[in-house]
Amino acid sequence: MKYANFVIFFVVVILLFACKKEKIEQDVILWYDKPATDWYEALPIGNGTLGAMVYGGVKTEQLQLNENTLYSGEPGQSHVNIDVAKSLDKVKDLIKNGDLNEVNKIVGDEWIGRAQPCYQPFGNLFIQFDHSKDVVNYKRELDISEAIMRTHYTVNEVNFQRETFASFPDQVIVTNLTANANGKISCTIELEGAHPTSHSSVENNVIIMNGQAPALALRRTIQNVQNWKQEWMYPELFDKNGQPIPDTETTMYGDKLDGKGTFYQGRVGVELKGGSLKVEGNKLVITNANTAKIIFSGDTSYNGFDKSPSKEGVDPSIVASANLEKALEKSYEALKNDHLQDYSELFDRVYFSLGEITEQSKLATDKRLELFSKGGDPSLATLFMQHARYLTIAASRSGGQPINLQGMWNDLIIPPWASAYTMNINTEIYYWMTEAANLSECAEPIHRFVKELSVDGAKHAKESFGYDGWTAHHNTTLWRSAQPVDNAWCSFWPMAGGWLSQQIWTHYRYTKDIEFLKEYWPVMKGAAQFLNDWLIMSDEGYYTTPIGSSPEHGYFPEGADYRTPFCEGATMDIMIIKELFTNCIATSKILGVDDDFAEILSSKIQNIQPYKIGTKGQLLEWDNEYKEVDSQHRHISHLYALSPGYEITKDKTPELFDAVKRTLEIRGDEGTGWAMAWKTHCWARLKDGDHAYKIINNLFVPGGRRKAGLLPSLLASCPPFNIDGNYGASAGIIEMLLQSHETKDVNGEEIPVIELLPALPKVWQQGEISGLRAANGFEVDIKWDKGKLVTATIESLLGEKAILRFGETDIILDLQKGDSYKFAL
């Protein structure tokens with residue numbers, strides 16, 4: 001590699017441009033020529049608290065509503081007594097003796113808990129119009145550059161338009177109805193709750209809907225619980241003798257369970273120009289208006305992850321009424337302008353184009369998806385990535401909840417996988433792109449989430465293991481329970497605290513925010529304390545975990561006819577521990593604290609179990625080479641140190657780099673939506689843009705409830721719908737264009753490497769991206785043509801060092817804060 005050994009303290013321009021071309025228009029609109037007929041076709045809007053799936057109907061417009069603190073159950077309700085320490089020594093001996101079937105039994109019977117609560121729908125806002133069937137010129141669109149959904153159509157030569165958006169500044173959802181002729185807007189407005197506890201009424205021309213979420217929403221059957229012999233975990237359903245309690249159901253409300261459950265209230269108010277407004281029962285009726293502004297506000301009794309929403313909750317009417325009143329006092333233009341100013345400040349930071357918009361790119365979005373694999377539409381990838389940034393802004397704002405399995409959009413009382421937080425890949429993948437996509441503020445909810453989870457995690461570590469620090473397993477919810485959930489062996493996986501701590505370190509790497517690091521050091525340290533206690537000395541003389549697994553996958557022990565996920569020291573365990581300990585040692589040095597603890601961690605890393613390479617050249621997933629249950633399993637957990645980690649790189653660990661590449665080849669290029677996203681990210685890290693693009697091509701196909709791919713709305717399907725594919729694949733697209741996870745030693749200092757176009761696929765011959773962020777506080781603009789880098793600008797926002805890499809050239813950057821390095825080739 002050529003090495004340019006010079007330092008730049010000011011803006012440098014290698015070549016001047018003869019002329020400056022205007023930027024190509026971005027591909028930022030999803031559009032359709034018919035209304036949504038199904039929730040899977042509706043379009044999402046959100047403000048980090050309130051969300052809606054908007055159908056764009058003509059006769060009936062429907063907004064399916066969510067508020068992201070509305071869950072079933074209450075804090076502590078899922079807690080059961082789990083005593084890992086009691087049988088841990090026995091399990092260690094069983095593993096050493098090869099009796100994994102008995103290990104399966106102990107873990108399944110004694111070490112896992114009950115099912116997690118479910119994220120809940122809020123309700124539906126219906127707007128029913130008195131239109132004839134003669135509708136022409138229909139179009140609905142979501143402009144992600146403005147976060148506004150529009151519906152246009154013509155009836156009897158009158159052009160109607162709706163604009164709908166979720167405002168973060170005003171904390172409401174706004175729908176504005178207009179027509180090109182006066183007196184043409186007539187409709188009926190109804191607000192329904194999602195649960196049988198809800199009821200609506202009208203007071204002072206405002207619809208008020210009150211409801212209460214389930215005290216119990218169990219995504220298992222009574223028979224499931226009995227088959228697993230877990231009756232004792234559900235006192236709501238079974239008596240002390242394990243017999244079903246009469247008249248109980250798997251979904252129950254406060255009337256049967258001591259008044260438990262989160263209360264919620266939604267409100268709808270309107271403002272008209274022209275026409276009249278009257279009340280009919282629990283509905284508002286608009287007649288012959290010129291325009292109509294419809295405002296929805298809502299809140300719940302949620303008062304924190306550790307407080308009962310039924311006994312210690314807030315009054316949801318306070319926020320719901322205040323937000324509605326304030327929004328009704330503002331004109332529609334003011335609401336819209338405030339929304340655009342807030343949203344644009346985040347979204348407009350990044351520009352992304354892959355050349356001129358083609359004719360195919362101008363087709364309706366669902367048609368583009370059907371045709372994508374045939375080529376001719378490179379800009380669909382730009383729309384997809386920017387759409388993921390839109391979804392981040394919509395679902396994850398400061399002070400709100402982090403993104404869940406469905407973002408924040410859910411219409412079911414028992415949604416897939418509870419629409420909760422699955423922490424063995426899904427919760428983390430939502431935030432892989434956030435820092436690089438220049439949306440650092442949107443990561444605040446996940447940081448707070450980790451801190452909140454550590455509270456019950458510390459209780460669980462002490463009660464169940466007798467250890468210091470904190471831990472969590474593969475699932476949690478709004479109530480931040482750290483115990484393993486039910487049903488599967490994979491539920492016992494005490495590594496989530498380690499993985500989640502990566503979120504903290506990543507934010508620091510990009511922002512160098514010392515105060516943030518000080519605040520979250522106890523969380524990182526606590527996760528490391530637990531894992532330090534969890535380590536044992538193996539017979540080979542290495543530190544390893546006493547019982548580990550590779551999430552959701554398994555193998556057949558030698559000579560056995562049963563499967564197990566467990567072994568001593570699964571590869572992912574070791575990778576997470578090494579990364580966490582390394583980051584804790586660095587943090588200790590940065591903050592000047594806990595030197596003794598850092599020494600302990602350092603000694604453990606130096607003698608930790610090494611990775612192993614198998615007979616096919618692949619990185620082994622467990623402690624030895626076994627027959628896998630599924631050689632093309634969706635999880636690639638043992639590649640953690642490549643992606644999303646950063647231990648395995650071509651320069652520093654070439655043998656392991658080749659082994660993970662071989663592993664990916666064996667795993668194949670198909671999978672669930674999020675699995676293909678993870679593979680895209682991995683191939684980008686392997687610097688193979690063509691292979692990364694091949695998997696994007698596999699993901700960009702019409703998906704549905706039973707097929708992986710993308711929904712017409714471009715939301716990803718696992719199947720069914722899980723939003724992780726959107727974020728993971730978009731993170732992969734960014735990694736194809738810019739990487740800064742690697743470091744290089746310069747005079748004893750590890751400095752991040754900012755690599756331009758590290759995995760550019762051949763199909764992306766021309767393009768431009770600006771506003772991406774890199775580690776150590778750099779902002780990067782890149783332009784390329786004919787598959788080659790043309791220009792780049794790297795601005796230092798913090799005055800930190802970095803190594804700029806393009807092709808075979810490395811350049812040390814040591815810029816002052818606010819200075820830029822620019823060049824053209």
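Here are four short exercises, with worked solutions, on the aromatic rings and cavities of this predicted model.

**Exercise 1. How many aromatic pairs does a search of the whole structure find, and which class, stacked, edge-to-face or tilted, fits the rings of Tyr71 and Tyr119?**

Step 1. Begin with the count: the whole structure holds 35 aromatic pairs.

Step 2. Take the geometry of one of them. The ring centres of Tyr71 and Tyr119 are 5.2 Å apart, with 50° between the planes. Pairing needs centres within 6.5 Å, and planes count as stacked under 30 degrees and as edge-to-face over 60. The angle here is 50°, so Tyr71 and Tyr119 make a tilted pair.

Step 3. Now place the partners in the chain. Tyr71 is in the loop between β5 (60–67) and α1 (84–97), while Tyr119 is in the loop between α2 (100–110) and β6 (123–129). With these positions 48 residues apart, the pair links distant parts of the chain.

Step 4. Finish with accessibility: both Tyr71 and Tyr119 are buried.

**Exercise 2. Where in the chain are Tyr302 and Trp479, and are they buried or exposed?**

Step 1. Check the rings. Their centres lie 5.9 Å apart and their planes meet at 45°, so Tyr302 and Trp479 form a tilted pair.

Step 2. Find the loops. Tyr302 belongs to the loop between β19 (291–300) and α4 (316–329), and Trp479 to the loop between β22 (475–476) and α10 (496–511). The two are 177 residues apart, another link between distant parts of the chain.

Step 3. Look at accessibility: Tyr302 and Trp479 are both buried.

**Exercise 3. Which residues form one aromatic cluster, and which ring does the charged end of Lys23 sit over?**

Step 1. Gather the cluster: Trp111, Phe465, Tyr467, Phe492, Phe530 and Trp534.

Step 2. Turn to the charges. Lys23 places its charged end over the ring of Tyr351, 4.3 Å from the ring centre. The charged end of Arg389 sits over the ring of Phe347, at 5.3 Å from its centre.

**Exercise 4. What is the volume of the largest cavity, and which element gives the most to its lining?**

Step 1. Count the cavities: there are eight of 30 Å³ or more.

Step 2. Size the largest cavity: its volume is about 310 Å³.

Step 3. List the lining. It comprises 22 residues, and Trp432, Thr506, Tyr510, Arg685 and Glu735 lie nearest the cavity centre.

Step 4. Assign elements. Two or more lining residues come from each of α10, α15 (673–685), α17 (724–737) and β31 (738–739). The most come from α10, which gives five.

Step 5. Sort by class: the lining has 10 nonpolar, seven polar and five charged residues.

Notes
Residues are numbered from 1 along each chain as its sequence is written. This is a predicted model: local features need pLDDT of at least 70, side-chain atom pairs count only at pLDDT 80 or more; totals for chains, interfaces and linings use all residues. Side-chain values use heavy atoms; hydrogens and water are left out. Rings of Phe, Tyr and Trp (its six-membered ring) pair if their centres lie within 6.5 Å; planes under 30 degrees apart count as stacked, over 60 as edge-to-face and the rest as tilted. Helices (H or I, at least four residues) and strands (E, at least two) are DSSP runs, numbered from the N terminus. Buried means under 20% relative accessible area, exposed over 50%, partly exposed in between (1.4 Å probe, protein chains only). A charge sits over a ring if NZ of Lys or CZ of Arg is within 6 Å of the ring centre and within 35 degrees of the ring normal. On a 1 Å grid over the protein atoms alone, a cavity is a set of points where a 1.4 Å probe fits but cannot get out, and a pocket is an open set with protein on both sides within 12 Å along at least five of seven lines; lining residues have an atom within 4 Å of a point. Grid points are joined across faces, edges and corners, and a volume is the space filled by probe spheres set on the points. Ala, Val, Leu, Ile, Met, Phe, Trp, Tyr, Cys and Pro count as nonpolar, Asp, Glu, Lys and Arg as charged, and the others, Gly among them, as polar.
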